Amino acid sequence: MDLEHQTMEMFLRWAAELGLSDSIDSSRSLDSCLGHSLSVADFPLAGGRGLGAVRELRKGELVLKVPRNALLTTESMVAKDQKLRDAINLHGSISSTQRLGVCLLYEMSKGKKSFWYPYLVHLPRDYDLSSTFGEFEKQALQVEDAVWAAEKAIAKSQSEWKEAVTLMKVLDLKPKFQSLQAWLWASATISSRTLHIPWDSAGCLCPVGDLFNYDAPGDDLNTSEGPELVIQTSSPKPVSTTHHECRNNAEEAGHVVETQSERLTDGGFDEDANAYCLYARRNYQLGEQVLLCYGTYTNLELLEHYGFMLEENSNDKVFIPLETSLYSLASSWPKDSLYIHQDGKPSFALVSTLRLWLIPQNQRDKTAMRLVYAGSQISVKNEILVMKWMSDKCGRVLRDLPTSLLEDTVLLQDIKNLQDPEVCLKQKETEAFGSEVRAFLDVNHLWDLINGDVIGLSGKAVEFSRKTNRIISKWRLSVQWRLRYKRTLVDCISYCNEKMNHLSST
Ligand SMILES: C[S@@+](CC[C@H](N)C(=O)[O-])C[C@H]1O[C@@H](n2cnc3c(N)ncnc32)[C@H](O)[C@@H]1O
């Protein structure tokens with residue numbers, strides 16, 4: 001049994017001893033907290049390590065219960081450590097998320113002496129959130145809004161780190177735990193793994209509960225005949241770093257509560273049970289990955305908060321630069337409602353605004369306004385103008401980007417080849433590398449490694465260091481993101497052209 005496997009077993013035993021369980025049967029063995037409903041498994045195409053169903057699960061069924069004493073929160077860490085308590089009390093001016101970040105690093109610095117050590121060793125060593133992107137990966141996003149969002153995330157992490165360093169110094173953390181690198185790790189851990197708790201806006205780290213991978217809301221609606229969960233959402237979308245909203249008043253009887261309401265999340269802290277309770281969001285077959293919904297996110301937001309994106313994401317939104325006069329006309333609709341759906345359809349608000357914008361000012365009478373607000377077309381002529389404008393605009397946006405969809409598709413394949421240890425890079429292949437691959441190899445000083453292998457005729461694949469592989473993964477994510485963006489614009493052009501053809505023939 002390899003080391004990873006052994007430490008995972010130790011972790012699951014430790015969790016069972018603390019009372020974590022995937023079963024409602026309280027007399028279960030203390031060898032592992034899993035095995036009745038779930039098991040840890042690898043899902044290479046959907047999040048990597050995750051939790052699989054070890055039996056058929058019914059929608060609404062309780063699948064994991066994590067008692068409060070196992071949760072890592074500022075409160076629970078402080079309660080176990082006088083020095084930490086004193087330092088936190090003295091330096092209360094930073095945000096609760098920063099406090100949790102410092103506590104996490106402090107706990108990590110204890111190594112095996114930490115109460116949560118069996119959990120902490122299983123945290124990822126690296127993350128791909130955009131706050132961890134270097135200049136190359138950031139620019140590879142190409143789209144101005146996306147580059148700007150990444151820049152903002154990077155700057156935010158840096159300024160939060162500077163503010164938190166004072167507390168880290170008081171705690172006398174070793175330099176490696178005080179570094180920006182360590183801070184980025186702690187912030188990414190908190191951003192991508194915390195669950196919502198009612199008593200701390202920073203949320204909690206939930207052993208085992210943070211092994212669930214993500215399922216977008218709305219993608220599960222047709223899959224079950226089971227009863228619906230009532231999730232009492234405090235806001236339609238979490239604004240804090242925590243992604244799970246509270247499922248208050250969850251009735252334990254049958255572990256199912258009745259119908260409707262917005263189902264953004266699949267669990268929450270249950271005051272009565274004094275535990276975090278997680279429920280199946282749909283029916284699952286044996287062996288299927290059990291997923292959790294962290295909230296409603298566009299791909300850019302997923303990249304920022306979680307370090308991944310979804311090729312198929314019904315919540316994705318593609319924004320294109322619009323004329324200022326159009327924005328001012330669109331005052332009835334918020335700016336962020338003017339977008340293109342991932343399947344290429346312009347949003348209701350965008351089409352409505354364009355309908356209005358594209359009729360001459362003297363024709364913007366009551367009748368036209370009424371039609372626009374009702375979501376109806378004003379006239380066939382106007383509708384054709386709208387579709388033509390959208391199609392031309394998307395075409396211009398695509399042309400203005402540094403690379404085409406086709407070039408990005410080839411690039412993505414080259415990146416996959418670079419990353420694949422099974423692929424041997426032949427000299428003729430490296431000669432065909434496009435300018436972006438060449439620039440990447442230049443910036444990261446990797447030519448020697450590539451040439452050494454090719455010229456050395458070793459016949460072996462090029463092996464990059466772990467650090468280089470991490471950078472390649474981030475770059476790959478950027479390219480995937482911009483490719484998805486471009487696909488949506490191309491689909492929008494097809495959608496508009498089809499509409500135009502249809503309208504012209506009527
Ligand atoms: C709460 S953790 C889930 C467990 C994680 N896979 C692990 O091994 O610890 C969230 C992270 O898992 C990954 N992830 C979750 N859902 C994913 C999905 N559908 N596709 C790709 N990665 C996903 C992302 O790296 C994300 O930041």
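Helices (H or I, at least four residues) and strands (E, at least two) are runs assigned by DSSP and numbered from the N terminus. The structure described here is a predicted model, in which local features need pLDDT of at least 70 and side-chain atom pairs count only at pLDDT 80 or more, while totals for chains, interfaces and linings use all residues. Residues are numbered from 1 along each chain as its sequence is written.

**Overall build**

The protein has 19 helices and 11 strands. Of its 506 residues, 40% count as buried, a class that requires 20 or more other C-beta atoms within 10 Å of the residue's own, whereas 12 or fewer make a residue exposed and values in between make it partly exposed, with C-beta atoms placed from the backbone. Among contacts between residues at least 6 apart in sequence, 69% join residues at least 24 apart; a contact here is a pair of residues whose C-beta atoms, placed from the backbone, lie within 7 Å.

**The surroundings of the ligand**

Which residues come nearest to the ligand? Of the 16 residues around the ligand, these are G47, R49, S192, N213 and Y214, where a residue is near a molecule if its C-beta atom, placed from the backbone, lies within 6 Å of it. The elements that give two or more residues to this shell are β2 (48-53), α9 (180-193) and β6 (213-214), and the largest share, 3 residues, comes from β2. By residue type the shell divides into 7 nonpolar, 6 polar and 3 charged, with Ala, Val, Leu, Ile, Met, Phe, Trp, Tyr, Cys and Pro counted as nonpolar, Asp, Glu, Lys and Arg as charged, and the others, Gly among them, as polar. The ligand lies between domain 1 (3-71 + 207-292) and domain 2 (77-200), because both give residues to the shell around it; the domain bounds come from an automatic or database domain assignment.

**Two open sheets**

Strands of a sheet pair through backbone hydrogen bonds, either parallel or antiparallel. Two strands are taken as paired if DSSP finds at least two bridges between them.

An open sheet of 4 strands has the order β1-β2-β9-β6, with mixed pairing. In this sheet β1 (38-43) and β6 stand at the edges, each with a single partner strand, so one side of each is left without a neighbour in the sheet. β1 and β2 pair in the antiparallel sense over 6 bridges, and S39 has G52 in β2 as its bridge partner.

An open sheet of 3 strands has the order β3-β8-β7, with antiparallel pairing. Its edges are β3 (62-67) and β7 (267-270), each with a single partner strand, so one side of each has no neighbour in the sheet. The antiparallel pairing of β7 with β8 (residues 275-279) runs over 4 bridges, and the bridge partner of G267 in β8 is L278.

**Individual residues**

The table places three residues by their surroundings.

| Residue | Location | C-beta neighbours within 10 Å | Class |
|---|---|---|---|
| Q142 | loop between α6 (135-139) and α7 (144-170) | 19 | partly exposed |
| V208 | loop between β5 (200-205) and β6 | 26 | buried |
| E429 | helix α16 (residues 427-431) | 13 | partly exposed |

Q142 has a phi near 65°, a positive value in a residue other than glycine, and V208, which is not a glycine, has a positive phi of about 70°. The C-alpha atoms of E429 and D414, which are 15 residues apart along the chain, are separated by 9.1 Å.

How values were computed:
Two residues are in contact if their C-beta atoms, placed from the backbone, lie within 7 Å.
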